[in-house]
Structures are given as structure tokens and as C-alpha cells.
Amino acid sequence: MTTKKFAVKKIGVIERYQEFMPVTERTPIISLNEGNTPLILAEALPKELGLENVRFYYKFEGLNPTGSFKDRGMTMAISKAVEEGSKAVICASTGNTSASAAAFASRCGLKCFVLIPEGKIAKGKLIQAYRYGAKVIIIKGNFDQALELVKKIGENTPITIVNSVNPYRLEGQKSGAFEVVDDLGEAPEYHAIPVGNAGNITAYWKGYKEYKKAGKCDLLPKMLGFQAAGAAPIVLGHAVEKPETLATAIRIGNPASWAGALQARDESGGLIEAVTDEEITHAYRFIAEREGVFAEPASAAAVAGVMKLAQRGYFQPDTRVVMTLTGSGLKDPDFAMSFEDDMHAVEPTLEAVRKVIGV
Ligand code: F0G
């Protein structure tokens, strides 16, 4: 019996897209087989919008190993940190980055410190950071303040920052664009994405451009970024000191990759707009209740934005629109259950159950 028979093919984004990644033979690849997430064709959405000549797709990043797109960048950032001899990593986070950093650090024995805003992080994400063994530091402040602190610590200590100010994060995250093109056989005409710290829109745009240059696609999409109305610094053109939105993942007032987002918007001929919490909630419920796709509120910002643009007649016929659904709906159980007021138990009798069903 040879061991070969038992060899498991690694399918993480670094190995899959090696020629586009800043790696050498010496880079230890720390992977959880992230990426390779499904591009799900929307069925209810085009009907709802009366746009049956446009194909809408959900790039469902909730199926990554820690339940968000952050794993694509984290495999790269952590692999490089290990290559460079780092012993510890640190990040500020609205939740998903901390979950992902903690998981990848645990996989290779790095210490992990995460700074999170008190009371403004979804329960699933907090649980992940603790269970993957990170040192969780709860800040009496918001994400922007936490990120400032992390940057200062990174400057003065040998601890590696794994927020998207670390350029390796974006290198890994650009693989999302590669996968979309690999699945469609071409770039879509439009790509919609929620914007918080603005790393992901920057990374996707970089990915599309690199893939086009390599001859993998002929088109480049218009990049459509969506911020929550109470946390929309890029839309307003100035930092927001007290950002507020129920989509806590994108509750950010001074994004680190602001310039990258503007570049993506302007080079692609796209736009960055705001969607209200009500619009986010509507989209969040729509994709779960009508499409069977359960994503977190921040992810639904992309769908809310697409719904709004469609109502203004923005999308040309016979085009494709991809929406990145950045994280799993299971991340935020409190928000998910906040709509249910009828949860009382009934007697375990046929009569009681029949009464509820109405048969
Ligand atoms: N969607 C989700 C679910 C996120 O967690 C984030 C960012 C975004 C969208 C926005 O992406 O920052 O690249 O523009 N979450 C970060 C975190 C800030 O700490 O987990 P971005």
C-alpha cells in the first residue's frame, strides 16, 4: 500500500493561483483549503426585479473555512508571516478578520491578538476568535480606533499586522475575482460588493486586472461598492467619526483602503453608493427566504445596492452581475432571530401540531 493513495489534494487559493501569488518554494503554505466557493445563479432576484435578461450570481463566501472571504487573504498573510519568522500576529476587527486570523494562527502555532469593538461584533465571530485560541482584547471604542492602536503596536513591536494594511491580505483576496472568471469563462459586466475597510473591492479589482493581463478574460467589470448609510465615508467624501449600522461588519468610518476603493470605482467606471439599514434588512431576508442563501447583513448590502440600481434601470440587458456575499448568515444569530416573535412551544399532540399547520 503506498501513501500516495491517501494523499489529499490541497486546494487552497495559494496553490491554485500560485503564479499570481507572491510566493516562492520557500514559502510555507498555511492553508485550510479556503476558496473555491460557489457562484450561485440567482433565480428569484431577476423575477423580482423584472430583469429576466440579466443574469445575477451570488459568490457565496460564507462557505469558506471560517465562514467569510477573509480566509483568502489570511492564508497569504499568515504564510508570509511564518516565512518571515514572525511569532505573533495582531489585527483590529469587526469580527470576521479576527475569526480568520485566529484560525490560521492556530494552524501554525502563531500567537494571535485581536482587538474588537465592545458590543458591536456578531456573536458567531466572537465565539470563533475565542475558540481558535486568540487573545481577545475588547476595546471601549470602534473599529477605527482599534485599527489605529494595532498600527502603533505593529510599528513598535515584532508582531505582524494581519489587517488589510498588510499587502499580502489583498494578494490572497484577489483570488475571488479569479474564481468568478474561471466559473463564468469571462469577467462579468458588473461586480457588486459591500465596502467597509475597502480592502475587498481593492483586491477584486486588482484580481480582475491581473487576470485580463494574463489573457484569462477580455472584459473588466464595473465595480459597484456599497456602504451602509450610517457608515458611508467614501460616499460622503469624509471620515465618519461615529459610524452606525446594524451591519456591524462594515461599521467603519475611516477605511484603510480608501484610495484603492476610489481607484477601483474610477478605473472601472463603476460607483460607490450607500444603502440604508432597511434596504440591507430587506435584501438579507430576500436572499434567505426566496433564494435559500443565508448571508450576513453586511453581505446583503451588495444585494440591496443591486436592487436599488436595478430599479433605476442601471443594468444593460444581456449582462451578468456578480454579488459577493462576504460572510455566512450563521455568524450573526442575534440579528437572524430578531424577526421571530412567535416562538412559543406547543403540546406534543397531533391536535396541537395540526392546528399550527392548519390541516
Ligand atoms: N462583509 C463582511 C462580512 C466583512 O466582514 C467585511 C469586513 C466586509 C464585508 C467589508 O470588507 O473591509 O474589505 O471592505 N470586515 C472586516 C473585519 C473589517 O474586521 O472582519 P472590506
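## Strand β3 and the residue Ala-92

Strands, as the term is used here, are DSSP runs of E with at least two residues, and helices are DSSP runs of H or I with at least four, both numbered from the N terminus. The structure described is a predicted model. Under that definition, Ala-92 belongs to strand β3, which covers residues 88-92.

Buried means a relative accessible area under 20%, and Ala-92 counts as buried because its relative accessibility is 0%. With residues up to four places away in sequence left out, Ala-92 touches Thr-97, Leu-115, Phe-143, Ala-146, Leu-147, Val-150 and Asn-163. Its C-alpha atom is separated by 10.0 Å from that of Ser-164, a residue 72 places away along the chain.

## The parallel sheet around β3 and β4

Strand β3 is part of an open sheet of four strands, ordered β5-β4-β3-β6, in which the pairing is parallel. The strands β5 and β6 (160-161) stand at the edges of this sheet, and each has a single partner strand, so one side of each is left without a neighbour in the sheet. Strands of a sheet pair through backbone hydrogen bonds, in either a parallel or an antiparallel sense.

Within the sheet, β4 (residues 111-117) and β5 (residues 135-139) run parallel and are joined by five bridges. Ile-116 stands opposite Ile-138 of β5, and Pro-117 stands opposite Ile-139 of β5. Helix α5 (residues 123-131) completes the picture, since β4, α5 and β5 together make a right-handed β-α-β unit.

## Strand β2 and its partners

Strand β2 (residues 54-60) is largely enclosed by the rest of the structure, because six of its seven residues are buried. With strand β1 (residues 39-41), strand β2 pairs in the antiparallel sense over three bridges, and in that pairing Tyr-57 of β2 is the bridge partner of Leu-41.

Strand β2 also runs parallel to strand β10 (residues 319-325), to which seven bridges join it. In this pairing Phe-60 stands opposite Leu-325 of β10.

## The loop between α1 and β1

Two asparagines with positive phi values are found in the loop between α1 and β1: Asn-33 and Asn-36. The phi of Asn-33 is near 60°, and that of Asn-36 is near 55°, each being a positive value in a residue other than glycine.

Partly exposed residues have a relative accessible area between the 20% limit for buried and the 50% limit for exposed. Asn-33 counts as partly exposed because its relative accessibility is 34%, and Asn-36 is likewise partly exposed, with a relative accessible area of 46%.

## Helices α7 and α8

Gln-173 is found in helix α7 (residues 167-173), and because its relative accessibility is 1%, Gln-173 counts as buried. The side chain of Gln-173 is joined to that of Arg-169 by a polar contact of 2.8 Å. Not counting residues up to four places away in sequence, Gln-173 touches Phe-69, Arg-72, Gly-73, Gly-199, Asn-200 and Ala-203.

Helix α8 (residues 175-184) is mostly covered, as eight of its 10 residues are buried. These buried residues are Ser-175, Gly-176, Ala-177, Phe-178, Glu-179, Val-180, Val-181 and Leu-184. Just after the helix, Gly-185 takes a positive phi of about 80°.

## Glu-273 in strand β9

Strand β9 (residues 271-275) holds Glu-273, whose side chain is joined to the side chain of Arg-312 by a polar contact of 2.9 Å. Apart from neighbours within four places in sequence, Glu-273 is in contact with Gly-225, Phe-226, Gln-227, Val-235, Leu-309 and Arg-312, so that Arg-312 appears both in the list of contacts and in the polar pair.

## The ligand and its surroundings

There are 20 residues around the ligand, and of these Ser-93, Asn-197, Ala-198, Asn-200 and Thr-326 come nearest. Asn-200 is also one of the residues that Gln-173 touches.

Individual polar approaches can be given for both side-chain and backbone atoms. A nitrogen atom of the ligand lies 2.6 Å from a polar side-chain atom of Thr-326, while an oxygen atom of the ligand is 2.8 Å from an N or O atom in the side chain of Asn-96. For Gly-196, a backbone N or O atom lies 2.8 Å from an oxygen atom of the ligand. The ligand on its own has 470 Å² of accessible area, and the protein covers 98% of it.

How values were computed
Residues numbered from 1 in each chain as written. Predicted model: local features only at pLDDT ≥ 70, side-chain atom pairs only at ≥ 80, totals over all residues. Heavy atoms only, no water. Buried < 20%, exposed > 50% of the residue type's maximum accessible area, 1.4 Å probe, protein only. Polar contact = N/O pair within 3.5 Å; in protein donor to acceptor, adjacent residues only side chain to side chain. Contact = heavy atoms within 4.5 Å. Pairing = 2+ DSSP bridges. Right-handed = clockwise from strand over helix to strand, strands pointing away. Near = heavy atom within 4 Å. Areas by Shrake-Rupley, 256 points an atom, 1.4 Å probe, with all protein chains shown as cover.
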